[in-house]
Amino acid sequence: MSKGLEIKKVILQGFNSFRHLKHVHAHILRLSLCQDNYLLNMILRYSFDFSDTNYTRLLFRQIKQPNIFLWNTMIRGLVSNDCFDDAVEFYSLMRSEGFLPNNFTFPFVLKACARLLDLQLGVKIHTLVVKAGFDYDLFVKTSLVCLYAKCGFLEDAHKVFDDIPEKNVVSWTAIISGYIGVGKSKEAIDMFRRLLETNLVPDSFTVVRVLSACTQLGDINCGEWIHKWIMEMGMVRNVFVATSLVDMYAKCGNMEKARGVFDGMPEKDIVTWGAMIQGYALNELPREAIDLFLQMQRKNVKPDCYTVVGVLSVCTRLGALELGEWASGLVDRNEFLCNPVVGTALIDLYAKCGNMARAWEVFKGMKEKDRVVWNAIISGLAMNGYVKISFGLFGQVEKIGIKPDGNTFIGLLCGCTHAGLVDEGRQYFNSMDRVFSLTPTVEHYGCMVDLLGRAGLLDEAHQMIRNMPMEANAIVWGALLGACRIHRDTQLAELVLKQLIELEPWNSGNYVLLSNIYSTNLKWDEAAKIRLNMIEKGIQKPPGCSWIEVDGIVHEFFVGDKFHPLSEKIYAKLDELTKKMKVAGYIPTTDYVLFDIEEEENEHFLGCHSGKLAIAFGLISTPHKGCE
């Protein structure tokens, strides 16, 4: 057997390490086979598997007469390792050496152009494709579809797509992905329907892409139709497809169906668990999210940083700082400090749980501070009363060249609201358009209405709503309602609540408050009509709910709750506190609690408020921290 055949046999067996590959390469050099293009091509291909592109470049430069196969291997390997600029550079070198690309060259260099959004070079290559006679090659044409679609030229992408005589699943997926990439989800789904009519069977990647289109649209009916097709095709056992179904149902608000798919999966990876936990967090089901996370821990599934982000957002909502700190400890601390998304979630947790010292510590330790990280610390400082410091950080953001966005100003305006800084709030709001070329959104108007309303400028706040360039949503009207309650303006509150009932006909709280106002103003007929309207529409007021974290466990309480095992002690502590408060001169406010019940009943229900039950439980559970 010749030396070359021996080396070939060794190479075909593969390499167990990069060091092993270099050892074989050294053997080739010792045997004076350093210009054997066939053997070198095999070494090049395997070396890219170890992601050391510097070694492959060095190896290639030592080849005196590389052929088209070696050039193609280099371009393909660089693209596979996301070195798109380098791939284009090698393509240019290949052309300067007089080599004509072939049907193996074009798909990879076109992919590099697509990822770099280099349409100009892509068009030149398209011209060469036609000249070289490869314009009917399926893989080359599909790569052209991807190029035009990725660069946002859907019309051109469609022309190339329609020109493909025998389309395969990859071609269809390319055009579907193109539509999704520019936000045309409905068109993407229509193309998927056309694909099914061709009797081609989409692969898992195509299905995952079209489910993402349903998610973007929020079209659960279309998602259910695709789910049915997936079941018929037996693809539901595919972990990637099933995870996409979980994600689609969760983001469309149907957690029952998301859980059904999740529970039916024979195999779940960390992405699946994360999608379900994030879904519960997104749909404001914090207890379910935490229960599932704890279940994941019991199954010894190691969380990734994005799953922990979902848990941290839930802990932030619950104010469960101890649980959040425990969850964050399951991920390497460096991931928090190097990953802006994860670091931001931890800053947000500490800030919203009132521990700004720890939030600041995380912020200072962040290796990379992008705009989102700066926004988190600015908002956190503002909401915790450090408004002047947040203003100072905003000045730093400008100095280091980070352009503030809408979220930056929401944090600043909220800070102004909590501190009652009306003039500063007006200044920041006006600077959005005049200085930073940012158009205020409905959220910014809501902040301003809240700021003005809390300061007692109800007429100005109401006028701002009237002058808004867009329709005010329930949040904006709700801010004005809050101001009406603070300043006892029942006349304006009546008008606001009518608007809120139109916007949120399902929200029982608006009906109850309007009925309260009518009753307070002795408008008994109007109050009765509101109650009757609620009954006719089947609207019921959900019980109030509060959470408290004790020793890392989140406890949930409802108004008048007596289901907790320590209920007797909780109510005893509550009675003790109530008596002490009355001795101190406290008189409970019952103006807006319930309607159509007697005053002493109002006062009784105030005493059983879910928040008070939670506080009483906290006091009896932490006697060393309790207040006497």
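This dialogue goes through a few features of a predicted model.

Q: What should be known about the numbering and the model before reading it?
A: Residues are numbered from 1 along each chain as its sequence is written. In this predicted model, local features need pLDDT of at least 70, side-chain atom pairs count only at pLDDT 80 or more, and totals for chains, interfaces and linings use all residues, while side-chain values use heavy atoms, with hydrogens and water left out.

Q: How is a pair of packed helices such as α16 and α17 described, and at what angle do their axes cross?
A: Two packed helices are described by the angle between their axes and the distance between the axes. Helices are DSSP runs (H or I, at least four residues), numbered from the N terminus. Axes are lines fitted to C-alpha atoms, for helices over the stretch in contact, and angles run from 0 to 180 degrees between N-to-C directions. Here α16 (residues 255–263) and α17 (residues 270–282) have axes that come within 11 Å and cross at roughly 165°. The two helices are therefore roughly antiparallel, a term for angles over 145 degrees.

Q: Which residues make the contact between α16 and α17?
A: Contact means heavy atoms within 4.5 Å. From α16 come Met-255, Ala-258, Arg-259 and Phe-262, and from α17 come Thr-272, Trp-273, Met-276, Gly-279 and Tyr-280.

Q: Is Phe-617 buried or exposed?
A: Buried means under 20% relative accessible area and exposed over 50%, with partly exposed in between (1.4 Å probe, protein chains only). Phe-617 is buried, at 4% relative accessibility. Its place is in helix α36 (residues 610–621). Leaving aside neighbours within four places in sequence, Phe-617 is in contact with residues including Ile-548, Phe-557 and Ile-570. Phe-557 is 60 residues apart from Phe-617 along the chain, and their C-alpha atoms are separated by 9.6 Å.

Q: What does Ser-567 contact, leaving aside its neighbours within four places in sequence?
A: Ser-567 is in contact with Asp-561 and Lys-562, with neighbours within four places in sequence left aside. Ser-567 lies in helix α34 (residues 567–583) and is buried, with a relative accessible area of 10%.

Q: How is phi read, and what is its value in Asp-82?
A: Most residues other than glycine have a negative phi. Asp-82 has a positive phi, near 60°, and is found in the loop between α5 (68–80) and α6 (84–96).

Q: Where is Asn-199 found?
A: Asn-199 is in the loop between α12 (185–197) and α13 (204–217). Phi of Asn-199 is also positive, near 70°, and the residue counts as exposed, at 69% relative accessibility.

Notes:
Angles under 35 degrees count as roughly parallel, over 145 as roughly antiparallel, 65 to 115 as roughly perpendicular and the rest as oblique.
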